[in-house]
Amino acid sequence: MKRRRKGAGRPPAARHPRKRPSMAEILAERGIVLATLAGIPKRDRADVEQQVLVNAWNAVRRGLYRPDPRDKPRDALRKWLHGIAWRLASHYVHSAWARRAVLHPSPLGLLREPVGVDMHAQIEAREVLDAMASLPPWQVEALLSVDSPESLVAYAKRRRMNPSTAASRLRIAREALAVKLRRWRR
């Protein structure tokens, strides 16, 4: 007789039928998840909440959500989500990253010598970003289209516009950005 490893190929502990709640039903119970994650710092709470929701959805897709039919459906879902959130919160609290991370508002200032792009280039990049933030959204979108891997013609087709119109908008946006940058540097 061949011995099986513990947990290998075992049937699920609960023999209840599988249920498939929708993502909307899972998101409706976000309050219990947030209440469970209350001890996690605010800066990381949204990330851990996202992990909880993704793990819950993946478990539903794999057929691991098997609530007791005697429980009310909403109560069963809330208990299950609380368990997932509690486990992930525990993993977060005991992780080495959470124990050792030291956040600093300007980590480049801690370095003895500048690394990578020099400080002058960083200041210029911030000026360009500030100038772009003051442009209308259609001009910002036209300027950012240059950085995408698709061609200007593909960009225009995706937005159902004439390629000449897209080129014209890009030209106008570049001119507007140049004017803003001249004003910033005066």
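# A tour of salt bridges, a helix and a pocket

Start by selecting Glu 49, which is buried, with a relative accessible area of 8%. Keep in mind that you are looking at a predicted model.

Now add Arg 30 to your selection. Arg 30 and Glu 49 form a salt bridge, with their closest N and O atoms 2.3 Å apart. This pair ties together distant parts of the chain: Arg 30 sits in helix H2 and Glu 49 in helix H3 (residues 42-61), 19 residues apart. Is Arg 30 buried or partly exposed? Its relative accessibility is 37%, so Arg 30 counts as partly exposed.

Side chains of opposite charge can pair when their charged atoms come close. The structure holds nine salt bridges, so there is more to visit.

Next, select Arg 78 and Glu 29. Their salt bridge has its closest N and O atoms 2.8 Å apart. Arg 78 belongs to helix H4, while Glu 29 lies in the loop between helix H1 (23-28) and helix H2 (30-36), 49 residues apart. Colour the two by accessibility: Arg 78 is partly exposed at 28%, and Glu 29 is buried at 5%. Add Arg 74 as well, and you have a network of salt bridges linking Glu 29, Arg 74 and Arg 78.

Another stop is the pair Lys 79 and Asp 71, whose side chains meet in a salt bridge (3.0 Å, N to O). Here Lys 79 is exposed, with a relative accessible area of 52%, and Asp 71 is partly exposed at 28%.

Now show the whole of helix H4, residues 73-93. H4 has 21 residues and reaches 30 Å from its first C-alpha to its last, close to the 30 Å expected at 1.5 Å a residue. Which residues of H4 are buried? Among them are Ala 76, Leu 77, Trp 80, Leu 81, Ile 84 and Leu 88. As you look along the helix, remember that an α-helix has 3.6 residues a turn, so residues three or four places apart point the same way.

From H4, move to the largest pocket, which has a volume of about 230 Å³. It is lined by 13 residues, and the closest to its centre are Lys 19, Tyr 65, Pro 67, Pro 73 and Leu 77. Helix H4 gives the largest share of the lining, three residues. The lining divides into seven nonpolar, no polar and six charged residues.

For a last stop, select Ala 176 in helix H9 (residues 163-184). Leaving aside its neighbours within four places in sequence, Ala 176 is in contact with Leu 135 and Gln 139. The C-alpha atoms of Ala 176 and Gln 139 are separated by 8.3 Å, although these residues are 37 residues apart along the chain.

Conventions:
Residues are numbered from 1 along each chain as its sequence is written. This is a predicted model: local features need pLDDT of at least 70, side-chain atom pairs count only at pLDDT 80 or more; totals for chains, interfaces and linings use all residues. Side-chain values use heavy atoms; hydrogens and water are left out. On a 1 Å grid over the protein atoms alone, a cavity is a set of points where a 1.4 Å probe fits but cannot get out, and a pocket is an open set with protein on both sides within 12 Å along at least five of seven lines; lining residues have an atom within 4 Å of a point. Grid points are joined across faces, edges and corners, and a volume is the space filled by probe spheres set on the points. Helices (H or I, at least four residues) and strands (E, at least two) are DSSP runs, numbered from the N terminus. Ala, Val, Leu, Ile, Met, Phe, Trp, Tyr, Cys and Pro count as nonpolar, Asp, Glu, Lys and Arg as charged, and the others, Gly among them, as polar. Contact means heavy atoms within 4.5 Å. The expected span of a helix is 1.5 Å times one less than its number of residues. Buried means under 20% relative accessible area, exposed over 50%, partly exposed in between (1.4 Å probe, protein chains only). A salt bridge is a side-chain nitrogen of Lys or Arg within 4 Å of a carboxyl oxygen of Asp or Glu.
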